[in-house]
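Me: Please choose one part of this structure and take me through it closely. I am a first-year student, so short sentences would help.

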Amino acid sequence: MTTFAGRLRLGVNIDHVATVRNARGGAYPCPLRAAQVAQEAGADGITAHLREDRRHISDADIDGLMQVLTVPLNFEMAATPEMQAIALRHKPHAVCIVPEKREERTTEGGLDVARDENRLAHFIAPLREAGSRVSIFIAADRPQVEAAHRIGAQVIELHTGAYCDLHAEGRLEERDDELARLRDMARFAHDLGLEVHAGHGLTYETVQPVAAFPEVMELNIGHFLIGEAIFRGLGPAIAEMRRMMDEART
Ligand SMILES: CC(=O)[C@@H](O)[C@H](O)COP(=O)(O)O
Ligand SMILES: NCC(=O)COP(=O)(O)O
């Protein structure tokens, strides 16, 4: 039987507060302060991606988040020994394994779990044993969902970047096709027993159709909210996203 538990959670990604800070190399704006504001504005969790090149979030940011957060940390990382050691030291609530390329501007696609199944199964086992929920960031692609399930992940996060890009480019038929793929894979993953999250590139214009999928338990949203904070402040920007998510779910 299909069951859907709890309200849709909002994870606020604070990476790009660190991007602005790092543009000048100083201490502000402070990602920890952003996390605290996000918590107060209704974020159910904080997401931070410690990239191998440390272009935004730093090791010290992760240390600080582990100390100050009162909501769960979703620690995004590449499947490398260095990142595994950091995750095992901190034991965050959740670890989301993402693909990473030095030359990319942002996370361009989902992880190819199907191609790297054996290695990834061994890679995530100790993270699960340490108590972190393991999530895999993938495209809306059935073989990838099946492979994520086989390796023992508890969660998948569906990459919504393609859907959002197609919307921004006005390619509306293709956008709707991608949205249909996201909906089908959310359903399929849920029926396999995986918890389903989604995120990347979501905005006020694109969030509601994804928030309306009953199988989706969490959305992770960052870049747009940090940009919107310039105009209305971080707390109000998050509160409006929260309101739109709730509206889509009713
Ligand atoms: C994995 C993911 O979607 C987010 O971490 C997003 O990538 C934000 O970080 P970047 O902008 O560095 O890709
Ligand atoms: N995993 C997606 C995420 O954390 C937020 O992505 P974005 O909203 O910064 O593109």
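Reply: Start with His200, which sits in the loop between strand 7 (195–199) and helix 9 (207–211). Helices (H or I, at least four residues) and strands (E, at least two) are DSSP runs, numbered from the N terminus. This is a predicted model, in which local features need pLDDT of at least 70, side-chain atom pairs count only at pLDDT 80 or more, and totals for chains, interfaces and linings use all residues. Residues are numbered from 1 along each chain as its sequence is written, while chains are lettered from A and ligands numbered from 1 in the order in which they are written.

How confident is the model? The protein chain has a mean pLDDT of 96, and 98% of its residues reach 70 or more. Here pLDDT is the predictor's confidence in each residue, from 0 to 100. The scores are ipTM 0.96 and pTM 0.96.

Back to the loop. His200 is buried because 26 other C-beta atoms lie within 10 Å. The cut-offs are these: buried means 20 or more other C-beta atoms within 10 Å of a residue's own, exposed means 12 or fewer, and partly exposed is in between, with C-beta atoms placed from the backbone. Not counting residues up to four places away in sequence, His200 touches Thr107, His159, Thr160 and Gly161. Such a contact means that two C-beta atoms, placed from the backbone, lie within 7 Å.

Next, the record. An unreviewed UniProt entry gives the annotation "active site" to His49, Glu76 and His200. These residues are spread over 152 residues of sequence, yet they cluster in space, with a largest C-alpha distance of 12.4 Å. UniProt positions are given in the numbering used here, feature names are shortened, and annotations may be inferred rather than shown by experiment.

Glu76 belongs to strand 3 (residues 73–77). Glu76 counts as buried because it has 27 C-beta neighbours inside 10 Å. Beyond its neighbours within four places in sequence, Glu76 is in contact with Thr47, Ala48, His49, Cys96 and Val98. So Glu76 contacts another residue of the "active site" annotation, His49.

Now the ligands. Around ligand 1 are Asn13, Asp15, His49, Arg51, Glu76, Val98, Thr106, Thr107, Phe137, His200 and Gly222. A residue is near a molecule if its C-beta atom, placed from the backbone, lies within 6 Å of it. By class, this shell has 2 nonpolar, 6 polar and 3 charged residues. Ala, Val, Leu, Ile, Met, Phe, Trp, Tyr, Cys and Pro count as nonpolar, Asp, Glu, Lys and Arg as charged, and the others, Gly among them, as polar.

His200 is also one of the residues around ligand 2. The others there include Asn13, Thr47, Glu157, Gly201, Gly222, His223 and Phe224. The shell around ligand 2 has 3 nonpolar, 8 polar and 1 charged residues. Strand 8 (216–221) and helix 10 (223–232) each supply at least two residues of it.

A second annotation from the unreviewed UniProt entry, "binding site", covers Asn13, Arg24, Gly201, Gly222 and His223. They are spread over 211 residues of sequence and also spread in space, up to 24.7 Å between C-alpha atoms. Two of them deserve a look.

Asn13 is in strand 1. Asn13 is buried, with 27 other C-beta atoms within 10 Å. Apart from residues up to four places away in sequence, Asn13 touches Thr47, Asn220, Ile221 and Gly222.

Gly222 lies in the loop between strand 8 and helix 10. Gly222 is buried too, with 25 other C-beta atoms within 10 Å. Leaving aside neighbours within four places in sequence, Gly222 is in contact with Val12, Asn13, Ile14, Asp15, His16 and Thr47.

Helix 10 comes after that loop. Its residues Phe224, Leu225, Ile226 and Ala229 are buried. What covers the buried residues of helix 10 includes strand 1 (9–13), helix 1 (15–24), strand 8 and helix 11 (234–249). Just after helix 10, Gly233 takes a positive phi of about 90 degrees.
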